[in-house]
Amino acid sequence: QVKAAMVTCGGLCPGLNSIIRGVTHSLYYDYGVVTPGHIIGATGGYNGLSEPDEHEMINLTPDYVREIHMKGGSILKAGRGGFDAPKICEGLKKMGINMVFVIGGDGTQFAGHLLYEEAKKQKLPVSIVGVPKSIDNDVLFIDRTFGFDSAVESAATVIRNAWVEASSCEKACSVVKLMGRDAGFVAAHAALASNIVDVVLVPEVKFELEDVYKQVDLKIKHKNFAVVVVAEGAGQEYVSTGAKDATGHTVYGDIGVFMRDAINKHLKPQGGRAFYIDPSYIIRSVPITSTDHIYCSRLAHDAVHTAMRGYTGVCVGAIHNVICMFKSKLIASGKKKLKVRGSTWQSCVQSCQMPASLSGAKTAASA
Ligand SMILES: Nc1ncnc2c1ncn2[C@@H]1O[C@H](COP(=O)(O)OP(=O)(O)O)[C@@H](O)[C@H]1O
Ligand SMILES: O=P(O)(O)OC[C@H]1O[C@](O)(COP(=O)(O)O)[C@@H](O)[C@@H]1O
């Protein structure tokens, strides 16, 4: 008899609630998992599975999850830390759980792989199936991560606000910082979606400040304002902190504030100024868009079918729009990045009319 648990780990991303809803619905309606308490939501990420007595366990039913997709965030809370494979296996045994759905990024999926290995070592009959998430869309192999479209949609709205500020002032430049630690997908897509951006700075392309100033000056000369979008991982050589967080990730310096101050200093003598918007947490807390919700429902149902077929240590994701299954450990083998010579970035360069100095043309060979 199936007894399933699910967790959401890592940072927030639009669509987590849609996945929780889809998994619950598929278990209940497709497979008849209707016994009360047999579909469990562990709260606080892996902490909830490692310390089940200290974290609320939610009994998920179709009634409970009916409208959860209407709001952003995760009803299970998206916790970091607390991963302890032997302790989790002990808890799974005690609770009789034989199916675990792990919803989270590359870190979460790698931990899912470690959990699979521990369960295998202990001969524990449990299916562990992952649904990869990343607001940055930097997960290898798959077409796109769920929530990415929703993030781009709301980022494009913020860019329009930045455009209003800049275009309503003399010699102004608006700077918008968007998420994207290692990949500039959100920045590039939001710029393409809004079509009012003059410079996009992404982690994949190194840039010189002088080249940004030149482009801002050119645009101000031409139309009296400019809009710059910067991904959080861009230009880290200007703001490096040298620090690591508790999970071992490098703590990035604030390139958004740095660019605002640098451009402000540059424009001041000409009588201009910079405006700055950092909508990071607004963008990842929005409710899901329609297309993303459809994608989440497909992923959630396929995750359940995959577990029901007895697979474990795997993730599901769309490849050429077909939901496929692949080993969870593969996800930890790298991060997807914008291809500097690829059509997305090249479209972005053309749409923003960026010069070669900011397009990565000089560094493309190594990117
Ligand atoms: N290498 C790892 N070993 C064990 N657990 C990990 C590892 N990487 C991540 N985790 C667990 O997964 C959680 C989420 O990972 P994190 O990298 O913070 O976010 P994301 O899943 O979004 O990449 C971590 O807080 C931790 O509990
Ligand atoms: O503030 P938090 O929760 O640590 O998360 C911030 C980080 O998470 C990210 O949103 C990445 O999240 P994903 O795992 O969804 O790609 C980065 O863009 C950002 O640096």
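**Exercise 1. Describe the largest cavity of this predicted model by volume, lining and residue class.**

Solution.
1. The volume of the largest cavity is about 40 Å³.
2. Its lining consists of Cys13, Pro14, Gly15, Leu16, Asn17, Ser18, Ile68, His69, Lys71, Gly72, Gly73 and Ile288.
3. Sorted by class, this lining has five nonpolar, six polar and one charged residues.

**Exercise 2. State how many cavities of 30 Å³ or more the whole structure has, and describe the second largest.**

Solution.
1. The search of the whole structure gives two such cavities.
2. The second largest cavity holds about 30 Å³ of space.
3. Lining this cavity are Val200, Leu201, Val202, Val205, Phe207, Trp345 and Leu358.
4. The class count for this lining is seven nonpolar, no polar and no charged.

**Exercise 3. Locate ligand 2 and explain why it lies between two domains.**

Solution.
1. Ligand 2 takes up the space of the largest pocket.
2. The shell around ligand 2 is made of Arg80, Lys133, Ser134, Ile135, Asp136, Met179, Gly180, Arg181, Glu232, Tyr281 and Arg284.
3. Domain 1 covers 4-146 + 288-333, and domain 2 covers 149-285 + 337-366.
4. Both domains give residues to the shell, so ligand 2 lies between them.

**Exercise 4. Characterise the surroundings of ligand 2 by class, side-chain distances and covered area.**

Solution.
1. The shell has three nonpolar, two polar and six charged residues.
2. From an oxygen atom of ligand 2 to a side-chain N or O atom, the distance is 3.0 Å for Arg80, 3.1 Å for Lys133 and 2.8 Å for Arg284.
3. On its own, ligand 2 has 480 Å² of accessible area, and the protein covers 77% of it.

Notes: Residues numbered from 1 in each chain as written. Chains lettered and ligands numbered in written order. Predicted model: local features only at pLDDT ≥ 70, side-chain atom pairs only at ≥ 80, totals over all residues. Heavy atoms only, no water. Near = heavy atom within 4 Å. Polar contact = N/O pair within 3.5 Å; in protein donor to acceptor, adjacent residues only side chain to side chain. Areas by Shrake-Rupley, 256 points an atom, 1.4 Å probe, with all protein chains shown as cover. 1 Å grid on protein atoms, 1.4 Å probe; cavity = no way out; pocket = protein on both sides within 12 Å on 5 of 7 lines; lining within 4 Å. Sits in = over half its atoms within 2 Å of the grid points. Nonpolar A, V, L, I, M, F, W, Y, C, P; charged D, E, K, R; others polar. Domains from an automatic or database assignment. Points joined across faces, edges and corners; volume = space filled by probe spheres on them.
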